[in-house]
Amino acid sequence: MLRRLPLPAQIDRTITLGGLLASVVAAPYIVVLGVLFATGELSAPEFVFWLNAGLVVGGALAAVLLRHIVHAALGLVGASLGVAGIFLLLASEFLALVQVLVYGGGVTILLLFGLMMTRATDGPIVTDGAQKPFAFGAGIVLAGLFVGAMLDAEWDALNVTVVGFRELGIRLYRDFGIPFEVASLVLLVALIGAITIARREPAPGEDDSK
Amino acid sequence: MIPEQFGRVGVLFGFALLFPAIPLIASYVFYRLRLRPEHPDPIKRATYECGVEAEGSSWGRFNARYYIVALAFVIFDVEVVFLFPWATVFAGMGWVAYFEAVLFVGVLALGLGYAWRRGALEWR
């Protein structure tokens, strides 16, 4: 079927197969959610929450399990977008914005570039290393912390305060104007430091142009 | 309420995700109905049909110079994040907010000027 579609050769091999695989996994989940929503088992916010939660868990699993570093980074972007969706559900627009712009965009690109430049070879990259048991242990401890905090929390007593975009802006620009300007200095130092560290002058005679 | 507004955006988002699938499905259906002409050509399956031919593997190394661009991107990404709440309050606060933002962007423009001066933006 794929050969009959007007697709570039590279796209139909990897991306379409990956997309089909993802839809095979995702479609039953979405159908089940849709049925539960239609029968009234789930309210609309719950429906959206479970969609986002599926995206977060699926993206995180893809980021950990996929052997190809670029595909793993795509999974990480998906997980970030899912978290942004959950922030939106909690009416925290600013956090959702930060999540999409900084984590989904910037940090992922930085991560990808770092990996691509340091360890990239012609082919899928195996990222299992000696740190694997430690990473597993750290993951278990973190998961234990989160589950403990979840079980300990009194969910009914939660008092939701929504801080809107405007209130945030007014607080930031009227009451905290000086710290805001200092933040620009921090960013300036980061930029200059990044240029100084990352930019190595090519040694004389060394061909650095590739 | 905010979530409802984003719900409407979400419907558009879902449609935007589905939209690219529509011509592919239509193409396949028309092929099955023998309505679509079938003239296979290697050029049709090239990565960029009109453009520079793709060469080598896509998993090659990046030049280290791209990394500076990526770092600068993250810095200005954070700057943009700060400017979004500014845009919502700008109308109510007037000149104070204006000069705050001018100072903020100006300091970062200094950094951009420094990057330019050092040749970090140039491709040598």
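In this predicted model, in which local features need pLDDT of at least 70, side-chain atom pairs count only at pLDDT 80 or more, and totals for chains, interfaces and linings use all residues, residue A70(B) has its place in helix α3 of chain B. Residues are numbered from 1 along each chain as its sequence is written, chains are lettered from A and ligands numbered from 1 in the order in which they are written, and side-chain values use heavy atoms, with hydrogens and water left out. Helices, like strands, are DSSP runs numbered from the N terminus, a helix being H or I over at least four residues and a strand E over at least two.

A70(B) is buried, with a relative accessible area of 4%, where buried means under 20% relative accessible area, exposed means over 50%, and partly exposed lies in between (1.4 Å probe, protein chains only). Leaving aside neighbours within four places in sequence, A70(B) is in contact with I109(A), L110(A) and F113(A), contact meaning heavy atoms within 4.5 Å. The C-alpha atoms of A70(B) and L108(B), which are 38 residues apart along the chain, are separated by 16 Å.

Helix α3 of chain B also holds D77(B), which is buried at a relative accessible area of 7%. When residues up to four places away in sequence are not counted, D77(B) touches L101(A), V102(A) and G106(A). Of these partners, V102(A) lies in helix α4 of chain A, residues 93-119, and is itself buried, with a relative accessible area of 13%. Under the rule that leaves out residues up to four places away in sequence, V102(A) touches L97(A) and V107(A) in chain A, together with D77(B), V78(B) and V81(B) in chain B. The C-alpha atoms of V102(A) and S80(A), 22 residues apart along the chain, are separated by 9.7 Å.

As to the chains as wholes, chain A has seven helices and zero strands, and its elements run α-α-α-α-α-α-α from the N terminus on. Buried residues make up 28% of the 210 residues in chain A, and of the contacts in this chain with a separation of 6 or more, 45% are accounted for by residues 24 or more positions apart. In chain B there are four helices and zero strands, and of its 124 residues 23% count as buried. The domain assignment of chain B gives domain 1 (4-53) and domain 2 (65-117), such bounds coming from an automatic or database domain assignment. The centres of these two domains, taken over C-alpha atoms, are separated by 38 Å.

Two packed helices are described by the angle between their axes and the distance between the axes. Helix α7 of chain A (residues 177-198) and helix α4 of chain B (residues 95-117) pack at an angle of about 10°, with their axes 9 Å apart; axes are lines fitted to C-alpha atoms, for helices over the stretch in contact, and angles run from 0 to 180 degrees between N-to-C directions. This makes α7(A) roughly parallel to α4(B), given that angles under 35 degrees count as roughly parallel, over 145 as roughly antiparallel, 65 to 115 as roughly perpendicular and the rest as oblique. Among the residues of α7(A) that meet α4(B) are F180(A), L187(A) and L191(A), and those on the side of α4(B) include L103(B), F104(B) and Y114(B). By class, this contact has 16 nonpolar, four polar and two charged residues, where Ala, Val, Leu, Ile, Met, Phe, Trp, Tyr, Cys and Pro count as nonpolar, Asp, Glu, Lys and Arg as charged, and the others, Gly among them, as polar.

Over all chains, the structure holds 12 aromatic pairs, in which the rings of Phe, Tyr and Trp (its six-membered ring) have centres within 6.5 Å; planes under 30 degrees apart count as stacked, over 60 as edge-to-face and the rest as tilted. The rings of F180(A) and F82(B) have their centres 5.7 Å apart and their planes at 70°, so the pair is edge-to-face. This pair crosses between chains, from helix α7 of chain A to helix α3 (residues 65-93) of chain B, and F180(A) counts as buried at 2% relative accessibility. F82(B) also forms an edge-to-face pair with F104(B), at 5.6 Å centre to centre and 70° between the planes. F104(B) counts as buried at 0% relative accessibility. Ring pairs link Y173(A), F180(A), F82(B) and F104(B) into a cluster.
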